[in-house]
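Subject: The structure you asked about

Hi,

Here is the structure, as promised. Have a look at it first, and my notes on what turned up are underneath.

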Amino acid sequence: QPSSCLAHGDRCECVHRRIPHLPSSEPPNSAPTPVPNINHKNHYEIMAEQVQSILERMVLPLKDLRNRGLFSPNEIRSIVERRRQSEYLLQRRSEARKSDFLRYIEEEIMLERLRKLRKEKVLTEMKNERMNRRHRQAEDGDDDGSDGDDNTK
């Protein structure tokens, strides 16, 4: 059974209550020593959680781009890493620089242009594939061994 919490007394139910307390070297009538809040997150942990949350919202669209064949898994990893770096730049300062925003926007504009070009290429390839398939089917249909004369005697 742990001793009473120095910060909150005998009825304490906080997380640090589960950690056995060392016997106090303070005289019994002195004010209790504040216990450090082990649940407190520092600025960097909060920033990392915010960036991670933003990146997690990008997972489905990025998976879709990969599944459609517009970007390879390595390219997706590269996109995520660039976005992570940009998000940290925007989050790390109390006042983000205009240049950080502009760089991030420019990267996203270039990525969107590349996505559109690759989409056009994939659509063109699919269209050509369909046309070639139809052409082959038409040739196979004409090549039934007849000389073109359907009059049978």
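**The second largest pocket**

The second largest pocket is lined by D64, L65, R68, L70, R115, K119, V122, L123 and M126. Two elements, α2 and α4, each give two or more residues to that lining. The biggest contribution is from α4, with five residues. The space inside comes to about 170 Å³. Sorted by class, this lining has five nonpolar and four charged residues, and no polar ones. Before you read too much into any of this, please remember that the model is predicted.

One residue of that lining is worth a stop: V122. It belongs to helix α4, which covers residues 98-142. Is V122 buried, partly exposed or exposed? V122 is partly exposed, because its relative accessible area is 22% and the buried class takes only values under 20%. If you want a landmark for V122, try G69: the two are 53 residues apart along the chain, and their C-alpha atoms are separated by 8.1 Å.

**The largest pocket**

Now for the other one. The largest pocket has a volume of about 200 Å³. It is lined by 13 residues, and those closest to its centre are V59, L62, K63, I76 and V80. Which helices supply at least two residues each to this lining? They are α1 (43-56), α2 (59-67) and α3. The largest share is from α3, which puts in five residues. By class, the lining of the largest pocket splits into seven nonpolar, one polar and five charged residues.

**Helix α3 and R83**

Since α3 gives the largest share of that lining, I looked at the helix itself. It runs over residues 73-92. From its first C-alpha to its last, α3 reaches 28 Å with its 20 residues, close to the 28 Å expected at 1.5 Å a residue.

The buried residues in α3 are I76, I79, R83, S86, E87 and L90. They sit on the same side of α3, because they cover an arc of only 100° around the axis. The general rule behind such a pattern is that an α-helix has 3.6 residues a turn, so residues three or four places apart point the same way. On the face of α3 turned away from the buried side you will find the exposed residues N74 and R77.

R83 is the one I would point out on the buried side. Why does R83 count as buried? Its relative accessible area is 12%, and anything under 20% goes into that class. Leaving aside residues up to four places away in sequence, R83 touches L55, M58, L62, Y104, E108 and L111. One of these contacts, L62, is also among the residues closest to the centre of the largest pocket.

**The chain as a whole**

To put all that in context, the protein chain has four helices and zero strands. Its pattern along the sequence is therefore simply α-α-α-α, helices being numbered from the N terminus. There are 153 residues in the chain, and 16% of them count as buried. As for contacts between residues at least 6 apart in sequence, 45% join residues at least 24 apart.

That is what I have for now. Shout if anything is unclear.

Cheers

Terms used. Residues are numbered from 1 along each chain as its sequence is written. This is a predicted model: local features need pLDDT of at least 70, side-chain atom pairs count only at pLDDT 80 or more; totals for chains, interfaces and linings use all residues. Side-chain values use heavy atoms; hydrogens and water are left out. Buried means under 20% relative accessible area, exposed over 50%, partly exposed in between (1.4 Å probe, protein chains only). Contact means heavy atoms within 4.5 Å. The expected span of a helix is 1.5 Å times one less than its number of residues. The arc is that of the directions from the helix axis to the C-beta atoms. On a 1 Å grid over the protein atoms alone, a cavity is a set of points where a 1.4 Å probe fits but cannot get out, and a pocket is an open set with protein on both sides within 12 Å along at least five of seven lines; lining residues have an atom within 4 Å of a point. Grid points are joined across faces, edges and corners, and a volume is the space filled by probe spheres set on the points. Ala, Val, Leu, Ile, Met, Phe, Trp, Tyr, Cys and Pro count as nonpolar, Asp, Glu, Lys and Arg as charged, and the others, Gly among them, as polar.
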